[in-house]
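User: I'm new to reading protein models. Can you walk me through this one?

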Amino acid sequence: MRARGGWGGGGVMSEAFRSEGWAVRPSFVPHGVTSGVTLLGDDNGITQLSGDPQVAWQTPWSEISSMQLVRFSRSLALFATIDGVRYVWRTNRRDQYDEIANVLSAHGARIVRRRRRAGVIAVVAVVLLASLAGGIASFFTSNSSTTTLSALKAVNLKIDDLPSGFYATTGSLLNYLFSPPGKVYVATTTTAPAANSAWTQVATSFQHCMGVSAAKDRMFGAAGQQPAYQVSSPIFASSAHGGLEVGSTAQYYKTTTMVEKDTAEMSAKNFGSCLVASNAALILSGYTVHVPTVPSGASWRPVTFAKGFVRGGVTTLVPVGSATTSPTTVPSSAPLHLVIAIVTSGHYEVTFGAIVAKWPATKPLLANIVNTLLTRITQSGSTAA
């Protein structure tokens with residue numbers, strides 16, 4: 001936390017609320033305390049007390065943005081951006097919800113009470129497929145929006161979700177996976193991926209990795225179903241951590257029955273590793289004339305606070321010292337790692353992608369972004385339009 005006015009534990013303030021028993025991610029300082037946190041709030045700002053001896057970190061309201069207080073069935077979560085870093089505080093105590101909500105809402109926070117749903121939350125994800133004929137956009141035709149689209153656009157990655165120093169870029173390897181930012185695509189019954197040897201090999205390799213037949217495969221195979229709507233965020237880049245690029249695509253399905261069928265396939269233990277490997281191969285096929293060798297991948301399960309379906313994976317896309325003719329803001333002298341994560345809830349699915357020079361050093365940052373995306377779809381509601 002880039003808070004202002006840190007001092008020793010002897011400070012005194014006039015608080016409007018004092019709430020104990022919180023945990024925070026990430027820590028305010030490297031390797032700092034993340035549990036046993038006390039939050040205080042008054043007209044001046046928010047103060048956190050933590051550690052032994054106790055240290056106070058005070059941040060004025062003017063330096064806090066994008067605040068959200070979310071009430072779950074058994075917990076509270078507070079999200080806020082400070083100095084470009086997205087923080088989340090969480091507690092199992094809900095007895096002070098009204099008191100805290102009154103103070104935060106008076107200073108611009110969004111107050112959310114997560115609605116209860118009957119039965120198990122339906123979850124879904126669709127891999128970001130990029131055919132040689134122009135990426136995922138080839139599966140859809142552009143069309144006008146409905147009332148659902150404004151909510152769908154709102155769940156995507158935004159510049160305010162990221163630390164300072166990020167900017168929108170058009171030169172990224174992720175362009176081989178994500179459709180153009182802000183452009184809405186509506187599924188049709190006639191669209192299909194272009195047939196070519198690279199696509200066939202990648203699909204076959206994915207199905208072999210998963211141990212599923214082409215007829216039953218819902219990612220590349222005949223059993224897949226199209227989302228009703230899709231829209232992507234811009235690709236954002238930063239020179240931090242040796243260079244990284246991030247982006248997301250949000251999709252909306254008309255029924256939860258459709259997405260429940262996807263869940264069975266995505267729940268496989270090796271789904272994350274098979275997913276990222278196939279997407280890496282599709283990127284490679286986009287700027288080489290040869291049928292790509294499908295790289296190996298590793299599963300990644302980012303730690304999240306909101307409840308929902310999460311799967312991911314990471315692979316080395318371009319080894320250190322290897323040249324690439326594909327556009328990217330990450331230095332070519334660095335190893336390029338592809339990270340993919342899918343978060344889902346109700347009718348929504350959001351696929352997050354990143355190109356990073358350093359892994360696992362960027363893991364906490366990427367997990368924080370994934371958690372932000374998951375929180376949006378779990379609190380946004382997901383009734384069919």
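**Confidence and cores**

Analyst: Sure! The chain averages a pLDDT (the predictor's confidence in each residue, from 0 to 100) of 76, and 76% of the residues score at least 70. It's a predicted model, so local features need pLDDT of at least 70 and side-chain atom pairs count only at 80 or more, while totals for chains, interfaces and linings use all residues. Residues are numbered from 1 along each chain as its sequence is written, and side-chain values use heavy atoms, leaving out hydrogens and water.

User: Over which residues, with 8 contacts beyond four places in sequence, does pLDDT stay under 50?

Analyst: Where pLDDT is low, the predicted coordinates shouldn't be read in detail. Contact means heavy atoms within 4.5 Å. The stretch you want is residues 320-325.

User: Which element gives the most to the largest nonpolar core?

Analyst: A nonpolar core is a set of buried Ala, Val, Leu, Ile, Met, Phe, Trp, Tyr and Cys residues joined through side-chain atoms within 4.5 Å. The largest one has 42 residues, with Leu366 among those with the most contacts inside it. Elements giving two or more residues include strand 18 (336-345) and strand 19 (348-356). With 8 residues, the top giver is helix 6.

User: What arc do the buried residues of helix 4 fall within?

Analyst: Buried means under 20% relative accessible area (1.4 Å probe, protein chains only). Helices are DSSP runs (H or I, at least four residues), numbered from the N terminus; strands are E runs of at least two. In helix 4 (residues 256-266), the buried ones include Met258, Val259 and Met266. Seen down the axis, the buried residues line one face of helix 4, because they fall within an arc (of the directions from the helix axis to the C-beta atoms) of 160°.

Methods
Buried < 20%, exposed > 50% of the residue type's maximum accessible area, 1.4 Å probe, protein only.
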